[in-house]
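Reader: I've got a protein open on my screen and I'm not sure where to start. Could you go through it with me, one question at a time?

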Amino acid sequence: MKKYAPLPFLFLGALFACCIAAHPPALAVSMDKSSQTKECAVLVRGGTIQISGYQPDSLDKYCESFPSTGKAIFAFDFSTPDMRDLPVELRIIKDPMIPLSSDTDLGPLTVAYMAQAVHKSGTFTFEHDFPESGHFIALLTVTEPGGEKKTAEFKFSVGKTFLGLYPLILGGILIAGVLFFYWRHFSRRPKPSS
């Protein structure tokens, strides 16, 4: 029996690895998602900041993905009372698709910024108009009483982006690869001689 190289499967594996490398999943240690509530939470100082997203033309809540460009409203809620006495800064940057380091210049990447402020109520909102689709990171920085800064990141997308189509693209490629392998394997079998 003739052996066939698993070329389609090697190709699929390489493509999947490239896709994951290009857009790694959200940071596991700082993200907590609930599909029922469409809320996210980032871990800061042993507590959490709950994040909910809204768009004015919809009654839905969003977490990691806003379906369309335009105005987005973020609501932040502190889980621990002691965070109400600490200054919190918010910066939204365009996701550079590479890991950020402590010395990365965020200026060119910044699309929105809210200066440090203390939120005694334990909650605050922030609005921004996103004119184009893309992937973004919200950086929440809490300043400790001694001046130490602790930052948590929250990744999200706005509008329909190519990376949001990963499951459909990969599924289509996988099905095409299986069909190709099946066709190559079974269409060339010698017919039994009579």
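**Loops and odd angles**

Reader: Where is the place of M97?

Author: Strands are DSSP runs (E, at least two residues; helices are H or I, at least four), numbered from the N terminus, and residues are numbered from 1 along each chain as its sequence is written, with side-chain values using heavy atoms and leaving out hydrogens and water. One caution is that this is a predicted model, where local features need pLDDT of at least 70, side-chain atom pairs count only at pLDDT 80 or more, and totals for chains, interfaces and linings use all residues. With those strand names, M97 has its place in the loop between β6 and β7.

Reader: What is phi of M97, roughly?

Author: M97 is partly exposed, because its relative accessible area is 25% and that label covers whatever falls between buried (under 20%) and exposed (over 50%), using a 1.4 Å probe and protein chains only. Its phi is positive although M97 is a residue other than glycine, with a value near 65°.

Reader: Which other residue, not a glycine, has a positive phi, of about 55°?

Author: Look in the loop between β2 and β3, the place of R45. R45 counts as partly exposed, because its relative accessibility is 29%. The residue with that positive phi of about 55° is R45.

Reader: How many ångströms apart are G107 and I93, C-alpha to C-alpha?

Author: G107 is found in the loop between β6 and β7. At 46% relative accessibility, G107 counts as partly exposed. Along the sequence, G107 and I93 are 14 residues apart, while in space their C-alpha distance is 8.6 Å.

**The overall layout**

Reader: How many helices and strands does the protein have?

Author: Read along the sequence, the pattern is α-β-β-β-β-β-β-β-β-β-β-α. So the secondary structure comes to two helices and 10 strands.

Reader: What share of contacts with a separation of 6 or more is between residues 24 or more positions apart?

Author: A contact means heavy atoms within 4.5 Å. As a bit of background, buried residues make up 34% of the 194 residues. For the contacts in question, residues 24 or more positions apart account for 63%.

**Strands side by side**

Reader: Which strands stand at the edges of the open sheet of five strands?

Author: Two strands pair if DSSP finds at least two bridges between them. Here the order is β4-β10-β9-β6-β7, with mixed pairing. The edge strands each have a single partner strand, so one side of each is left without a neighbour in the sheet: they are β4 (65–66) and β7 (110–118).

Reader: Which residue is the bridge partner of V88 in β7?

Author: β6 and β7 pair in the antiparallel sense over six bridges. In one of the facing pairs, V88 has as its partner A117.

Reader: Which residue in β8 does K71 stand opposite?

Author: Strand β5 (residues 70–78) pairs with β8 in the antiparallel sense over eight bridges. Strand β8 (residues 123–130) has a covered face of F124, F126, H128 and F130, and an uncovered one of T123, T125, E127 and D129. The residue that K71 stands opposite is D129.

Reader: And what stands opposite Q50 in β5?

Author: Strand β3 (residues 47–54) is mostly covered, with six of its eight residues buried. Six bridges join β3 to β5, and the two run antiparallel. Opposite Q50 you'll find D77.

**Inside the protein**

Reader: Which residues of the largest nonpolar core touch the most other members?

Author: A nonpolar core is a set of buried Ala, Val, Leu, Ile, Met, Phe, Trp, Tyr and Cys residues joined through side-chain atoms within 4.5 Å. This core has 30 residues, and β2 (39–44), β3, β5, β6, β7, β8, β9 and β10 each supply at least two of them. I92, for example, is in contact with F74, L109, F126 and F156, among others, leaving aside its neighbours within four places in sequence. The members that touch the most others are F74, F76, I92, L140 and F156.

Reader: Is S157 buried or exposed?

Author: S157 has its place in strand β10. Leaving aside neighbours within four places in sequence, S157 is in contact with E64, S65, F66, G134 and H135. The relative accessible area of S157 is 9%, so S157 is buried.
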